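Me: Please take a close look at a single helix in this model. Explain it to me step by step, in short sentences.

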Amino acid sequence: MAENKKEIVLSGIRSTGNLHLGNYYGALSKFVRLQDDYDCNFFIADLHALTTNPDPAQLHANVKNILAEYLAAGIDPEKSTIFVQSDVPEISEMYLLLNMHVGIGELMRTTSFKDKARKALGIGAPEQGADDDEAFEKEIIGASTNKRVNAGLLTYPTLMAVDILIQKATKVPVGKDQEQHLELTRRFARRFNSFYGVDLFPEPYNFNFDGKPVKVPGLDGSGKMGKSEGNCLYLVDDPKVLRKKVMRATTDEGPKEPNSPMSEPVANLFTLLELTSTPDVVKHFRDAYADCSIRYGDLKKQLAEDILAVTTPIRERVNDILADEAYLRRVVAQGAERARERAAATLGEVRRIMGIRGF
Ligand code: ADP
Ligand code: TRP
């Protein structure tokens, strides 16, 4: 067989619930488009999901749901390697090894860690712009509460870096919120290479078709769509439910003068419209906003139907796929075998470079 020289793409999604429109535009839709041109590897990050201590019975169900949603959205197991993170034990071993080169300070300064640690301890968000690093460290270390921030949450970026580096991936399609983790991954790769004087790890970058990282907003006025925000439009939402959610989206009183600036909730609606609707539909509503004739109800109705045009084919396939246990087993078994091949080779190199050798 000819050697495969395609660039390596890798991405994963945590198994913490069903996939939503943010996951779709930030990640999944890019996965599907990349399949023909790259050596693609997509996985379900169940070890990362453990950092928030999920209910054990729910964890496997979530892995299965995401797997079915990957397949329903068009990831083809013949073109892409689809696997479950915990099926590749080499990742866990390399996570231990790489942690020896990661500083706890740099991990503590990661935005996602601060957010999640605050949540775990029940501490509110800091004032905007406040330089809170020191106070935050004191809170985490000296918190006089019976709640705790687990060490897995702190080392989350190490595990993510290992997912990427163990496959020597260079393109990592993710949403904007993951860019800081990618930056850390590049730093860890450079550090390992230079500490041992090797050229083992390439530096990975985010991948976007138009060069801009995507951030899908929620419909509740501000911020991003996210599971923990409770503002998600899910790919498997029933049409009635989805229409209701869209119709309830926050807006404002409407423009009073031609060409008024847009409030954040309304701008968010337009961001979603741009992602899901055709350019002429977007133009129609932009013009209507500019000349103050816009009716938000009409925009929402159009938006809901255009979102459903994207989600309906996926939703309709998911249940059939979920019912076919034998197929799901085959997909992950084949995926694990392929993913482990390269992971084992990289881990072997890492062990040798670090001085772990057999007798
Ligand atoms: P959530 O934030 O809902 O818990 P994950 O953290 O599991 O979702 O994200 C999985 C993938 O989906 C990542 O690549 C992430 O960047 C992307 N993603 C999640 N939410 C959004 C969003 N609102 N906009 C763009 N991409 C997103
Ligand atoms: N941290 C990512 C998220 O929350 C999920 C993830 C884990 C990931 N490992 C990865 C994404 C490796 C890309 C590559 O969305």
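Reply: Start with one definition: the expected span of a helix is 1.5 Å times one less than its number of residues. Keep in mind that this is a predicted model.

Now apply the rule to helix 1, which covers residues 21-34. Helix 1 has 14 residues, so it should span 20 Å. Its end C-alpha atoms are 18 Å apart, which agrees.

Next, look along helix 1 for a bend. There is a kink of about 40 degrees, and its centre is alanine 27.

How much of helix 1 is buried? The cut-off is 20 or more other C-beta atoms within 10 Å of a residue's own. Eleven of the 14 residues of helix 1 are buried, so the rest of the structure largely encloses this helix. The buried residues begin with a run: Leu21, Gly22, Asn23, Tyr24, Tyr25, Gly26, Ala27 and Leu28. Lys30, Phe31 and Leu34 are buried too. Ala27, then, is a buried residue, and the kink is centred on it.

What do these buried residues pack against? Two of the partners are strands: strand 1 and strand 2 (39-45). The others are helix 3 (56-73), helix 12 (264-276) and helix 14.

Two of these partners lead to other parts of the model. Take strand 1 (8-14), which supplies at least two residues of the shell around ligand 2. Helix 9 (156-165) also supplies at least two. Strand 1 gives the largest share of that shell, five residues. The shell has 14 residues in total, and Ser11, Gly12, Ala45, Met160 and Asp163 come nearest to ligand 2. By class, seven residues of the shell are nonpolar, five are polar and two are charged.

Then take helix 3. The chain is assigned two domains: domain 1 (8-102 + 155-215 + 325-354) and domain 2 (236-319). Seven residues of domain 1 are in contact with six residues of domain 2. On the domain 1 side, helix 1 and helix 3 are the elements that give two or more residues. Helix 3 gives the most, with four residues. That side divides into five nonpolar residues, one polar and one charged. The centres of the two domains, taken over C-alpha atoms, are 32 Å apart.

To recap, helix 1 is kinked at alanine 27 and largely enclosed by the rest of the structure. Helix 1 also gives residues to the side of domain 1 that touches domain 2.

Technical notes. Residues are numbered from 1 along each chain as its sequence is written. Chains are lettered from A and ligands numbered from 1 in the order in which they are written. This is a predicted model: local features need pLDDT of at least 70, side-chain atom pairs count only at pLDDT 80 or more; totals for chains, interfaces and linings use all residues. A residue is near a molecule or strand if its C-beta atom, placed from the backbone, lies within 6 Å of it. Ala, Val, Leu, Ile, Met, Phe, Trp, Tyr, Cys and Pro count as nonpolar, Asp, Glu, Lys and Arg as charged, and the others, Gly among them, as polar. The bend at a residue is the angle between axes fitted to the seven residues ending there and the seven starting there. A residue is buried if 20 or more other C-beta atoms lie within 10 Å of its own, exposed if 12 or fewer, and partly exposed in between; C-beta atoms are placed from the backbone. Domain bounds come from an automatic or database domain assignment.
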